[in-house]
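Dear colleague,

Please find the structure below, handed over for your own inspection. My notes on what was found in it follow directly after.

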Amino acid sequence: MKVHFKGTRGSIPIAPTATEVQEKVVASLLAARGKDLRSERQIREFVEKSLPFRHSSTFGGNTPCVHLETGSEDYLIFDGGSGLRVLGKELMDSGSASGKTFHIFLSHFHYDHIQGIPFFAPAYVPGNKIVFHAAHKNLRETLIDQMKEPYFPIDFDTFQCETTFEVHAPGDVIETCNCEIRLIEQDHPGVSFGYRVDGEDASVVYSTDAEHKNQAHCKDYPFIDFIRDANLLIFDAPYTHSQSMGIREHWGHSSNIMGVELAARGEVETLAIFHHDPGSSDEEIEDFLAHTKKFLERSKIAVKETKSGIPGAPSPRSNPQKVLMAYDGLTLSF
Ligand SMILES: [Zn+2]
Ligand SMILES: [Zn+2]
């Protein structure tokens, strides 16, 4: 299975400013001083292997959209943020967007998760089919309403493809794209839903816009079973621990520390931090990753040194082998 991240930013799309791009160029040229960089190959190798991500690249600014390549002819997509526009353009450019069926699963209807749908070019190709999936009952009305006057210049009926709507509930097992898909209700203003995808070769959990509060530390917290043994957990964590417990409590999102803790208890292989704060720079996100990894290493030592069975001992866990910050354009293979 391949997981393509098309949009990883939360709340609102952002773009780097001219000054920010210039700073990356300056930092890169400073780092290149004195290096033997004559050929294009040498320069590319230096950029890819020697420069920090914050200088050579960017985490990106498109809002949530993840495409799962499962071996099926049909497309499996999670959320329709502004990253969906990018996916649609890529498919159109490569000639892979006609006579296709697209399954788009929506976590909830906050703008950052649906604003890309009117800009999804394959929707304007006759013969295509889009099946919208969600667990909120007002799925059809909401998608039609976001394209009504005065919010948008053309209405939903302008789509040339066939559109259908499927409303699911926790407990359902949806069989599509060679996978079984299950869902879980999550704590978020207006409620959101996380999805678990079990394919032939891997299991992936897409869980965004979810606030895991104190009850997450209970032994039988349902989310643990939901994510258990997944190869990849895509986890909404724009906040530090102190933000999530302080000024941003009840905003509907979680911390990196909570992500590591839940991934460890669920014995998840890879944790991908997702839904980055629109106010965070590339530097800040890269530092956030360093802190997250440091916490992971310390918690491994703490678990090793604590005898199991005594009060306060950590519950059974297998720390994630890998923690990363998702970015627009990242592809992971399992
Ligand atoms: Zn969001
Ligand atoms: Zn939201």
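Two residues are taken to be in contact if their C-beta atoms, placed from the backbone, lie within 7 Å. This is a predicted model, in which local features need pLDDT of at least 70 and side-chain atom pairs count only at pLDDT 80 or more, while totals for chains, interfaces and linings use all residues. Residues are numbered from 1 along each chain as its sequence is written, and chains are lettered from A and ligands numbered from 1 in the order in which they are written.

With contacts so defined, and its neighbours within four places in sequence left aside, Leu271 touches Leu233, Phe235, Gly259, Val260, Ala263, Pro320 and Val323. Leu271 is also among the residues with the most contacts inside the largest nonpolar core, which has 70 residues; such a core is a set of buried Ala, Val, Leu, Ile, Met, Phe, Trp, Tyr and Cys residues joined through C-beta atoms within 7 Å. A residue counts as buried if 20 or more other C-beta atoms lie within 10 Å of its own, as exposed if 12 or fewer do, and as partly exposed in between. By that criterion, 40% of the 334 residues of the protein are buried.

As for secondary structure, the protein has 10 helices and 14 strands, these being DSSP runs numbered from the N terminus (helices H or I, at least four residues; strands E, at least two).

Seven of the strands are worth following together: an open sheet of 7 strands with mixed pairing runs in the order β7-β8-β9-β10-β11-β12-β13, where two strands pair if DSSP finds at least two bridges between them. Because β7 (174-176) and β13 (322-325) each have a single partner strand, one side of each is left without a neighbour in the sheet. Within the sheet, β11 (residues 232-236) and β12 (residues 270-274) pair in the parallel sense over 5 bridges, and Asp236 has Phe274 in β12 as its bridge partner.

Helix α9 lies across β11, β12 and β13 and runs at about 155 degrees to β12; axes here are lines fitted to C-alpha atoms, for helices over the stretch in contact, and angles run from 0 to 180 degrees between N-to-C directions. Since 10 of the 10 residues of α9 are buried, the helix is largely enclosed by the rest of the structure; the buried residues include the polar or charged positions Asn256, Glu261 and Arg265. After α9 comes Glu267, with a positive phi near 55 degrees.

Best regards
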